[in-house]
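Biologist: Thanks for sitting down with me! Could we go through this entry together, starting with the ligand site?

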Amino acid sequence: MDTIFALSSGSPPAAIGVIRVSGPAARQVGIRLAGSLPAPREAALRSLRGDDGQLLDKALVLFFDGPRTATGEDLLELHCHGGRAVIAAVQQALSRFEGVRAAVPGEFTRRAFANGRIDLAEAEGLSELLSAETELQRRSAIALTSGALSRQVEQWRSAILNLSASVESVLDFGDEDDVAELPPDFTDRVAALAAEMTRWLDRPRAEKLREGFRIVLAGPPNSGKSTLFNALLEEAVAITSAEAGTTRDVIERPVSLDGMPLVLIDTAGLRDEGAGEIEVIGIGKAQEQIERADCVLWLGPEGEGPDGAIELESRIDDASTVRKTNPAFRVSAVTGEGVDALRSGLLNIARDTLPKPGDVALNVRQAGLIREASEALEQIERVCDPLLVAEHLRLARAAMDSLTGRASTEDMLDNLFGRFCIGK
Ligand SMILES: Nc1nc2c(c(=O)[nH]1)N(C=O)[C@@H](CNc1ccc(C(=O)N[C@@H](CCC(=O)O)C(=O)O)cc1)CN2
Ligand SMILES: Nc1nc2c(ncn2[C@@H]2O[C@H](COP(=O)(O)OP(=O)(O)OP(=O)(O)O)[C@@H](O)[C@H]2O)c(=O)[nH]1
């Protein structure tokens, strides 16, 4: 087994650069570079020296003795000065040791998985944690790394194994007359299991969490969409003017409001007549955005917006504005009146569509496998032959095993860990 190393902190230059070294040679490498190692899990300042005795850096050194470490192997950490040349010199010295090489992306985490320190779902949680940009993402990822999904999957797996045991005993007695029957509650137990999986599948997914809740501002030209867009963002992003047809392209901005990932989308004003060639293209794009939206705010005449759009009365400071009878929101983007209420109203709407704080949001792979399992279980209601029942249960269990990585292929692992960054 090679010993691997990588810069695990952010890219240089930085104040400090942490180089991690994991594998059987980590201890020897530490002793050769630093002269001696501090007691395990205690940090100490050491002079790191190359082959020729040249001082490379004065660094904080930490050694963790395996297997109770993040990777399950001996793990050395060199907390160096984070300059580009410092990091390069130390990495250069590391690569001169026999059996020591630079890590590929995700290799530390892959070793943690291979050594049984974490399962696949937890590893995916780590990946999501590293890419989390909003509080909601962080909380979902932390739940995943802490085993929230893994525990549920293990529970499902043992429920499936129990069901399989019942079927096996029927199969064992199969030829005799006083055959053991499937327990009377067998189908109910199968159905309950499938229903629980479906409940997980019905919850908001990781993609929604990553992409954010999409809010489209729509309405006729000059209804004040761009001005409101800027007011919500507290930044002059979109061009506004008294000229109708100012916005032609779609302007899209991700924002984190109260830890929730939202995407605000300003669009070209919708009109049937009088639009120039470019504006017509813009109107087409606006319509696409309306289709894709999680929520459409309609700034135009009451009742004339797209289906399901939320009525918003804009320009309430302007006496000439036509009033709406029962708008969900009333705002003036110019005076700021109603903008805070609109923000919190939007958050409330988004909360219903986004994952609940601390809930695991399933990714495509996880959801696909849970669906496979629930479909296999649903098949069971339709078959009578115990052999087929056993086969469907086996399929359901196999899906659970892929989820946690109890069963995995090299391809699948390459694909998953290859998406991690180097040093993780
Ligand atoms: N400097 C540094 N910071 C870091 C990491 C790291 O590797 N190095 N981590 C990189 O991911 C995270 C912490 N993850 C860790 C996960 C497990 C163990 C570990 O040694 N676990 C043992 C012993 C626990 C204990 O002492 O109580 C165990 O679980 O048995 C350490 C760090 C975040 N911060
Ligand atoms: N008094 C008042 N004027 C506003 C308000 N919001 C926008 N306006 C003005 O209305 C005009 C049109 O505003 P925009 O935000 O460019 O309108 P739009 O809907 O994006 O227009 P298009 O890009 O043409 O579709 C500008 O002159 C704004 O200053 C408001 O709340 N109160």
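Modeller: Happy to! One term to begin with: a polar contact is a pair of N or O atoms within 3.5 Å. Keep in mind that this is a predicted model.

Biologist: Which backbone atom of Gly269 lies 3.1 Å from an oxygen atom of ligand 2, by element?

Modeller: The cut-off for a polar contact is 3.5 Å between N or O atoms. Gly269 meets it, with 3.1 Å to an oxygen atom of ligand 2, and the atom on the Gly269 side is a backbone N or O.

Biologist: And which residue has a side-chain N or O atom 2.7 Å from a nitrogen atom of ligand 2?

Modeller: Ser223 also contacts the ligand, but through a polar backbone atom, 3.1 Å from a ligand oxygen. The side-chain partner of the ligand nitrogen, at 2.7 Å, is Asp317.

Biologist: How much of the accessible area of ligand 2 does the protein cover?

Modeller: On its own, ligand 2 has 650 Å² of accessible area. The part covered by the protein is 87%.

Biologist: How many residues of the shell around ligand 2 are charged?

Modeller: The shell holds 23 residues, with Lys225, Thr227, Gly245, Thr247 and Asp317 the closest. Of the shell residues, 6 are nonpolar and 12 polar, while the charged ones number 5.

Biologist: Now for enclosed space: what volume does the largest cavity have?

Modeller: There are 2 cavities of 30 Å³ or more. The lining of the largest includes Glu128, Gln137 and Arg210. Its volume is about 70 Å³.

How values were computed. Residues are numbered from 1 along each chain as its sequence is written. Chains are lettered from A and ligands numbered from 1 in the order in which they are written. This is a predicted model: local features need pLDDT of at least 70, side-chain atom pairs count only at pLDDT 80 or more; totals for chains, interfaces and linings use all residues. Side-chain values use heavy atoms; hydrogens and water are left out. A residue is near a molecule or strand if one of its heavy atoms lies within 4 Å of it. A polar contact is a pair of N or O atoms within 3.5 Å; within protein, one must be able to donate a hydrogen and the other to accept it, and residues adjacent in sequence count only if both atoms are side-chain atoms. Accessible areas come from the Shrake-Rupley method with a 1.4 Å probe; for residues, only the protein chains shown count as cover. Ala, Val, Leu, Ile, Met, Phe, Trp, Tyr, Cys and Pro count as nonpolar, Asp, Glu, Lys and Arg as charged, and the others, Gly among them, as polar. On a 1 Å grid over the protein atoms alone, a cavity is a set of points where a 1.4 Å probe fits but cannot get out, and a pocket is an open set with protein on both sides within 12 Å along at least five of seven lines; lining residues have an atom within 4 Å of a point. Grid points are joined across faces, edges and corners, and a volume is the space filled by probe spheres set on the points.
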